[in-house]
Amino acid sequence: MRDQYERTIEYLRLSVTDRCNLRCRYCMAEAGVAWKSPEEILSYEELERLVRLMVTRLGISHVRLTGGEPLVRQGIVDFARRLRAVPGLRDLSLSTNGLLLAEMAGKLRQAGVDRVNISLDTLRPERFREIARREGLPRVLAGVEAALKAGLEPVKLNCVALGGYNEDEVVDFARLTLDRPLHVRFIELMPLGTEYQWEAWRFVPAEALRRRIEAAFGPLAPGEVRGAGPARYLRIPGAVGTLGFITAMSQHFCADCNRVRLTADGYLNPCLGSMLATDLRAPLRAGAGDGEILRLLTEAISLKPERHQMEDLTRPENRQRRMSGIGG
Ligand code: SAM
Ligand code: SF4
């Protein structure tokens, strides 16, 4: 499936829930979040029907389960197994905060999940509490170990760079890659949602992080990793793992974007930085046939904008969107 700018769309980020067991400051309010009601959330049968159509008829080959926190939704392991059975699905991955991974990594691997991205913004317990507003660092670290042990490879750690908060930890994060097959990716903070503290947080360009790492370890060498996506990968010479830099803001990669997003309540979002959303739940529940759903999906994908405009802080739509609802 190609969009109007001749980009091949082959990657679906599938949010299975808007709920989460953490409250990361840049993603979710601490209290008063207006959760979707259970009736608003698509059932696994509904999600599977959409995925099946997108994979078998529109050429989507990679599905990533995300949220909110995907592992808090009951039945997620069985759902992963059902998706794995869809013919044509080459890659099934998961984005998680890792809190429940120690218990679930082996079952997820057995169900057919290929690999995981684990979000981790700090290696210090007191900072974890401050950023995620919950306890949990030891459990996340146990989850990282369990993912490695289960063979959910490659294991990527996603670290959002928060100026004045965790940028002094980049060298510690980089050190994790020296003797373990871990792929640490530094993600530039995106100014989305009302949770984003527009004045308090400094944006740190990925380039500044790279310079800090090079000051400690010397020049980085090129690195490669499976399921590369938008990150640029480098490696400390001789290290087992790699370092990735996701420059969504300082150097957007929209021209190569191959993804669309489906929210847990059944809206197809062609771009993280736009309000465009096509309702698929209403037609699904009104009994639409496959032809009609495919027409809506094709139309929604073709609306994918040329690029995001998240850097424009005056755009009200950037404040109206939150990552936990879209799936990151
Ligand atoms: N709960 C799972 C997790 O944390 O990995 C999956 C959903 S979460 C919304 C997906 C990713 O989005 C996480 O890596 C998170 O750090 C990232 N994210 C959330 N808000 C962000 C923001 N404002 N800027 C950059 N990344 C953000
Ligand atoms: Fe939850 Fe992930 Fe958002 Fe953190 S980033 S609040 S773990 S959905």
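**Exercise 1.** In this predicted model, determine which strands helix α2 lies across.

*Solution.* Begin with helix α2, residues 76–84. The strands that it lies across are β1 (11–15), β2 (62–66) and β3 (91–96). Then consider direction: helix α2 runs at about 170 degrees to β2. On the sheet there also packs helix α7 (residues 206–217), which touches β5 (155–161), β6, β8 (232–235) and β9. The direction of helix α7 makes about 155 degrees with that of β9.

**Exercise 2.** Establish the strand order of the open sheet and identify the strands at its edges.

*Solution.* The 12 strands follow the order β7-β8-β9-β6-β5-β4-β3-β2-β1-β10-β11-β12, and their pairing is mixed. At the edges stand β7 (221–222) and β12 (278–279). Each has a single partner strand, so one side of each lacks a neighbour in the sheet. Within the order, β6 (residues 182–188) and β9 (residues 242–246) run parallel and are joined by 5 bridges. Arginine 185 stands opposite glycine 244 in β9.

**Exercise 3.** Decide whether leucine 284 is buried or exposed, and list its contacts.

*Solution.* Locate leucine 284 in helix α8 (residues 281–285). Its relative accessible area is 10%, and buried means under 20%, so leucine 284 is buried. Residues up to four places away in sequence aside, leucine 284 touches Leu42, Glu46, Arg49, Leu50 and Ile293.

**Exercise 4.** Characterise the surroundings of ligand 2 by residue and by class.

*Solution.* First, name the shell: Cys20, Leu22, Cys24, Cys27, Gly68 and Asn97 surround ligand 2. Next, sort by class: 4 residues are nonpolar, 2 are polar and none is charged.

Terms used
Residues are numbered from 1 along each chain as its sequence is written. Chains are lettered from A and ligands numbered from 1 in the order in which they are written. This is a predicted model: local features need pLDDT of at least 70, side-chain atom pairs count only at pLDDT 80 or more; totals for chains, interfaces and linings use all residues. Side-chain values use heavy atoms; hydrogens and water are left out. A residue is near a molecule or strand if one of its heavy atoms lies within 4 Å of it. Ala, Val, Leu, Ile, Met, Phe, Trp, Tyr, Cys and Pro count as nonpolar, Asp, Glu, Lys and Arg as charged, and the others, Gly among them, as polar. Helices (H or I, at least four residues) and strands (E, at least two) are DSSP runs, numbered from the N terminus. Buried means under 20% relative accessible area, exposed over 50%, partly exposed in between (1.4 Å probe, protein chains only). Contact means heavy atoms within 4.5 Å. Two strands pair if DSSP finds at least two bridges between them. Axes are lines fitted to C-alpha atoms, for helices over the stretch in contact, and angles run from 0 to 180 degrees between N-to-C directions.
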